[in-house]
Amino acid sequence: MIKNTKTTITATVLDPNTSQKKVFTVEKSKPPPIIISRANWTSHVLLGISVCLLALACMSVIQKSSSLAGLWLPTALMIPVLFRHRYRDWLPLLCASALGIAAAHTVLGTPFLRYLPYLLNNLFEAAFCAALLRRLLPEQDPLTGLGYWVRFLMVAVIFCPLVSALIMMLFILHIQSPVELQSRFATWFMSEAVAILALTPLGLVYQRGYFRKNLTSGRFFGLLLTLIITLAAGFLALKWLPYTFAFITIPLLWCAIRLPRIEAFIIFLSMTLMIALLHTSGIVSVQPHTVVQIPQGLIFLPLLLILTPANAMAMAMHALRAEKSHITQSENRFRNAMEHSAIGMALVSPQGRLLQVNKSLCNLLGYEAEYLTTLTFQEITYQEDLGKDLAMLEQLLNDEIQTYTMEKRYLCRNGEVIWALLAVSLVRDEEQNPLYFISQIEDINELKHTEMTNKRLSEALHEEKELMHITLNSINEAVISTDRNMNITFMNPVAEKMTGWTEEQAQGQPVNRIVLISKGQDGPLIDNLLHFDINENLHSSVERSLVLHGHHTGLFDVQLAVSPLRTLKDEPIGIVLVLQDVSRSRELMRRLSYSASHDLLTGLSNRGSFESSLKKALNLIATAHQSHCLAFIDLDHFKAINDTAGHAAGDELLRQISTLMQEHMRNSDRLARLGGDEFALILFDCPVEQGLNTLSKLVSEINQFEFIWEDKIYRIGASAGLTKMNDPTVSGSEYMAQADKACYTAKNNGRGRVFRYEPQQKTASVHTDDSIFPPEKP
């Protein structure tokens, strides 16, 4: 089912008599689309019944005259029905039509094989004609103009009946004589053409609910009276007047001129049916009063000839009424738009006189309408703006421009000068001579004053902005601002240099894409700068301090400050980032930190750093239940080399020995220089046997090391003592004393050895033999 959709329109109209506003509410129904979305069973049944009744009537004439029907109406009915439905619905509709025609033949006792070819021909003609019309005519209103009606006439009234008649000839070619073929061809064509011209236009233009919406009781009786008069005039002309169809044309043309096209088409159809019935019943004869007799097949040719101009006149009058209605509606719309417009409007003559003004213009300028129409627009225009207005008006008159808009000042009746926005267009007559100007005057006085105020504020704001930019460009910190979506809106030159992005490249980009800051060089990036807590970073170590990753500009140690931007209502509108390059101070801090924890000569940890590592080892014993090894290493014969070759040689020897020991240690182990030629080593999470093997190999490498200084070879050795760390209750100083005691024992027992501290005997036992280390040289 297709339902009408309703739109509620509320309008406020000013009553000119009472000067009161009236509110009207109108429900406007939108017409359903011409093409029905889905044919239902009701339309099938109605079509089948209608086709059956029309076929019975037409075939009754066939049986009476023993010839083809003078009018064949089923095809004329099927064409508009198919035209209004989608192609996918045609098959059930054609089947319903076929069943209707077959039912009519069955009632009259016609054999199936005898009427089957004619049935198929009728179905083909209806479908073929509807398909052509759907391509050539608009869907909404197929016969909207005379041009479309001519297309309908050529296709539906002439071409398709000719094709259908030719197909019919093929069916009977082998059983009829040439004379009979001619008669059958003419009869078939004429019956189809007249029926289509009489019935199909009504089906194409009819809209559902037309009579309920448009025909009042008085108009309905007027249509009924016109129908009776027209049919009566036609009957009298057929019965007693010569040149029958010439007289019948007169009332038909009268109806076409006087009535809307749908009502005229109803009268045309009624006249056609009346003539056909009177002729078939023998009451009258449509044969003209002439000596020459018209062939039986062309008996209704005059009817076709009178219907054609009548239809054409109905279409021409419809187009004329539509155009007149359009003009009237346009005039009413313009009149209402001008009178009730919220802005001032005036019709101005080419000489400048105000021909008509609306109430809004009178209220704007403070004049009465009668007095204002005695003035010219030049008299109410501020003199400084008049020259520009006249120049634009001259271009409009010379057809150089079609319309123009300008801001100008008007003189009010009270002497005040107001600003207005003027839009002017020119209306010309058929010979392109100027008739009048349409001027629209919109009050922009407050807007103009506001604009001037805003201009002054903008200038002041621009100066403040320039000052701010100069200030931001001159400081040494990088300044970056964002909008509420965290997209960059500003960067000063320092920020461009540090990030590696220009302000033009960065604008509109997410800040997290341009400003890449991590905690430490290899640490994670800060993903949300808005929630960055500066207090959290103040207590970070130097290694975990903030690092800016520039785009092809390297790394920068920075201090970051994040300030949110908010409106007066405390709504966030962005953030400001201030980045200070602290690379030099951080580097100095790293150096100081390194110097405080490392031996400057060898680069190893110093005593203070080693004690921190020792505390860490004790903590791991208590928490992770690990056991470690602590070793003391003392170089043998170092003093002799230092005294013989000098302190420079001693320093270089210490550096090379430190490098040698680091090459034979794990990354997790911690080696430190305690002072002079004394070293300490912590082997984290290391069993005693593994620690002894590691320490023995280390001592062996030192004993085999050859130190070359000024082309002389010096040999050196090492003694080492090791203790096991597995008791968290023992202090670090006690463990260091145990390792020192074991190292002292190694020195006193021949040097070049590794001794392990034995807690039970409070002594140290040797771990190496003389086969590993060479004997000590005197």
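## Close-up views of a predicted model

**A phenylalanine ring that is partly open to the surroundings.** F124 has a relative accessibility of 39%, so it counts as partly exposed, because that class runs between the buried limit of 20% and the exposed limit of 50%. Please keep in mind that this is a predicted model. F128 falls in the partly exposed class too, with a relative accessible area of 27%. Where do F124 and F128 sit along the chain? They are both in helix α4 (residues 112-136), 4 residues apart, so about one helical turn separates them.

**Aromatic pairs, beginning with F124 and F128.** How many aromatic pairs does the structure hold? There are 11 of them. In one of these, F124 and F128 are stacked, with 5.5 Å from centre to centre and 5° between the planes. Ring pairs also bring in F159, giving a cluster of F124, F128 and F159.

**F235 and W240, an aromatic pair with another geometry to look at.** Is F235 with W240 stacked or edge-to-face? The pair is edge-to-face: the centres are 6.4 Å apart and the planes make an angle of 85°. F235 has a relative accessible area of 27%, which makes it partly exposed. W240, at 59% relative accessibility, counts as exposed.

**Arginines placed over tyrosine rings.** R134 lies over the face of Y87, 4.5 Å from the ring centre. In another part of this view, R413 lies over the face of Y371, at 5.2 Å from the ring centre.

**The largest nonpolar core of the model.** This core has 87 residues. Which of them have the most contacts inside it? They are L133, F152, I248 and F268. Helix α6 (residues 178-205) gives the most to this core, contributing 14 residues. If you centre the view on L133, you will find it touching I79, F83, F152, V155 and A156, leaving aside residues up to four places away in sequence. A second core, separate from the one around L133, has 33 residues, including F679, L692, A720 and V754. As a general background, nonpolar side chains in soluble globular proteins tend to be buried together.

**An open sheet of 5 strands with helices packed on it.** Read across the sheet, the strand order is β4-β3-β7-β6-β5, and the pairing is antiparallel. Which strands form the edges? They are β4 (354-357) and β5 (403-411), each of which pairs on one side only. From one strand to the next, the twist averages 30°. Strand β3 (residues 344-348) and strand β7 (residues 434-443) run antiparallel and are joined by 5 bridges. To follow one bridge, start at L347 and look for its partner I438 in β7. Helix α11 (residues 301-339) packs on the sheet and touches β3, β4 and β7, with its direction at about 125° to that of β3. Helix α14 (residues 383-397) packs on the sheet as well, touching β5, β6 (417-428) and β7, and its direction makes about 155° with that of β5.

**An open sheet of 6 strands.** Here the order is β9-β8-β13-β12-β11-β10, again with antiparallel pairing. The edge strands, β9 (488-491) and β10 (517-519), each pair on one side only. On average, neighbouring strands are turned by 35° against each other, ignoring direction. Strand β11 (residues 546-550) pairs with strand β12 (residues 554-566) in the antiparallel sense, over 4 bridges. Within that pairing, H549 stands opposite L555 in β12. Which helix packs on this sheet? Helix α20 (residues 583-597) does, touching β11, β12 and β13 (572-581), and its direction makes about 125° with that of β12.

**A hairpin made by β17 and β18.** Strand β17 (residues 706-709) and strand β18 (residues 712-715) are antiparallel partners over 4 bridges. I708 has I713 in β18 as its bridge partner. This hairpin has 2 residues between its strands, and E710 takes a positive phi near 50°.

**Stepping back to the whole chain.** The protein has 25 helices and 21 strands. What percentage of its 778 residues counts as buried? The value is 42%. Among contacts with a separation of 6 or more, 59% come from residues 24 or more positions apart.

Note on methods
Residues numbered from 1 in each chain as written. Predicted model: local features only at pLDDT ≥ 70, side-chain atom pairs only at ≥ 80, totals over all residues. Heavy atoms only, no water. Core = buried A, V, L, I, M, F, W, Y, C linked by side-chain atoms within 4.5 Å. Buried < 20%, exposed > 50% of the residue type's maximum accessible area, 1.4 Å probe, protein only. Contact = heavy atoms within 4.5 Å. Phe/Tyr/Trp six-rings, centres within 6.5 Å; stacked < 30°, edge-to-face > 60°. Lys NZ or Arg CZ within 6 Å of the ring centre and 35° of its normal. Pairing = 2+ DSSP bridges. Axes fitted to C-alpha atoms, helices over the stretch in contact; angles between N-to-C directions.
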